[in-house]
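Welcome! Open the structure beside this page and work through the exercises one at a time, trying each task before you read its solution.

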Amino acid sequence: MNEKFNEIPMAGNIIKPGNALEYKTGGWRAERPVHNDETCLWIKNGTCGLCWIFCPDDAIRLIEKDGKYSYEYDYDYCKGCGICANQCPTSSIKMESE
Amino acid sequence: MTTVERIPAEKMKIEGLTGDAAIAHALKQADVDVLAAYPITPQTIIVEDFEKFYANGEVKTKVIPVESEHSAMSACVGASATGARVATATASAGLALMWEILYCAASMRMPIVLTVANRALSAPINIHNDWSDSYGARDSGFIQLYCQNSQEAYDTTLMAFKLAEDHRVLLPVMVCIDGFILSHNVERVEMLPDDAVKKFLGVREPVQPLDPKNPITMGPLALTDYYFEFKEQQDRAIHAAPEVFKEVEEAFKKMTGRSYGMVEDYKTEDAEIIILTHSTPAGTAKVVADTLREQGEKVGVLRLKMFRPFPVKEVVEKVKHAKAVIVFEKCLSFGATCNPLALELRAALYNLDERPMVTDFVIGLGGRDVPPTTIVEGYNKTKEYLAKGEAPLYETLGVRK
């Protein structure tokens, strides 16, 4: 993001498809989602997954690790929009100030 | 730059054409790929004539009769993005409705040629000439060229494509003529043979066109971190226009013997008072200057052709030795220090240690006639102000008050 005016394509044209990946929107985040493992249905029994379905930036991943249900947030792209927290039926996600 | 040669007189076609018709003929010979337009007086004949060429099979252009000027300019941007040579025409309220997309066309670096028959803005509704429409668009990023007669309208429209499409510029160009006064008046126009125009303009070579084989995204989001850099690019591009314009004019002159310059100098060399104006009032001003010179007055006319980018150096060079510069302009910039043309001139002169006095007369709004007497009145007032040593920032002339 330090390029000068003459080091970037003309008129904002995007000449390489898929380069949105290079644009880390995590910097926009004012609040970060914090997960409570105790009540999360995915951790409990591998169901629900609403946070993963609704995340507009694909920034929450529900995974299996060492035979257990687990999760990870991708803070490079999580804008802190709070949709995951809003959707969670057991209120297991809280938004906390950065 | 293309190599061109002088076209012999017998190969030129001479016709009596209105300013609009002259532009239509130039658009035809420029072999425009796409023309998207919506009719509005006094531009109407441009598109009407062009549609006639299309109906007669004289052009291969895709003509898109859109539902509004906003759509016209949008279609032009889309077509231009594919690498096509694109033109449209409008005036007044039509130009106002294009507003949002004017900025897109310039910012996306689309070399569209937009011909404008200058007309007053509403209200009250008025179909006649002043410069409020295109002066209002002076910050849109378009290059603006103003023409004094039909021949110049034809010549400028052709040159506009070469200027716009040059890779150092890549910006849209507005070619402006005075509504009715020029758009509907028949004058002698000398037209080049088709093959000469073809050779002069060539085929547009787009830099980054929309192409399914090489997909790119145009006009995406750029926020606090990149937007400013794109504006820096655009600013540099418009300042490259004068150099390219000179080259284009040089090539055109080789073909036709005609060139205009960013400013046209008329008897300014020894002039104590210089009139600065453009479009049709410049013709009247030249006649007035001749008459006043017969009476021993040292007066000249500087006729501006390029308003954007404003040719600061050329204007200052021509007027700096004068005692006064009289600006005649057909636009009121409500609430401003003075009006657009005088604002440019005063700013351009500011760095001089000794500046000529600048008087600013707003004339001809809504097509109010500008007879030689109006020019003389401005001249006499300026002489009075010179004797007094001070002048008002601006005043209106030719209005009942």
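**Exercise 1.** In this predicted model, find how strand 5 and strand 7 of chain B pair, and over how many bridges.

*Solution.* Start with strand 5, residues 113-118, and strand 7, residues 173-178, both in chain B. They pair in the parallel sense, over 6 bridges. Next, look at one position: Val113(B) stands opposite Val173(B) of strand 7. As background, strands of a sheet pair through backbone hydrogen bonds, either parallel or antiparallel.

**Exercise 2.** Work out the strand order of the open sheet in chain B, and name its edge strands.

*Solution.* Reading across the sheet, its 7 strands come in the order 3-2-4-5-7-6-12, with mixed pairing. The edges are strand 3 (62-65) and strand 12 (306-308) of chain B, each of which pairs on one side only. Neighbouring strands of this sheet are turned by 20° against each other on average, direction ignored.

**Exercise 3.** Locate Thr39(A) and decide: is Thr39(A) buried, exposed or partly exposed?

*Solution.* First, the place: Thr39(A) sits in the loop between strand 1 (31-35) and helix 1 (41-45) of chain A. Then count: 14 other C-beta atoms lie within 10 Å, so Thr39(A) is partly exposed; buried would take 20 or more, and exposed 12 or fewer. Leaving aside neighbours within four places in sequence, Thr39(A) is in contact with Thr90(A) and Ser92(A). Ser92(A) is 53 residues away along the chain, yet the C-alpha atoms of Thr39(A) and Ser92(A) are separated by 5.9 Å.

**Exercise 4.** How many residues of chain A are in contact with chain B?

*Solution.* Chain A contributes 11 residues, in contact with 18 residues of chain B. Sorting the chain A side gives 8 nonpolar, 2 polar and 1 charged.

Note on methods. Residues numbered from 1 in each chain as written. Chains lettered and ligands numbered in written order. Predicted model: local features only at pLDDT ≥ 70, side-chain atom pairs only at ≥ 80, totals over all residues. Helix = DSSP H or I, 4+ residues; strand = E, 2+ residues; numbered from the N terminus. Contact = placed C-beta atoms within 7 Å. Pairing = 2+ DSSP bridges. Axes fitted to C-alpha atoms, helices over the stretch in contact; angles between N-to-C directions. Nonpolar A, V, L, I, M, F, W, Y, C, P; charged D, E, K, R; others polar.
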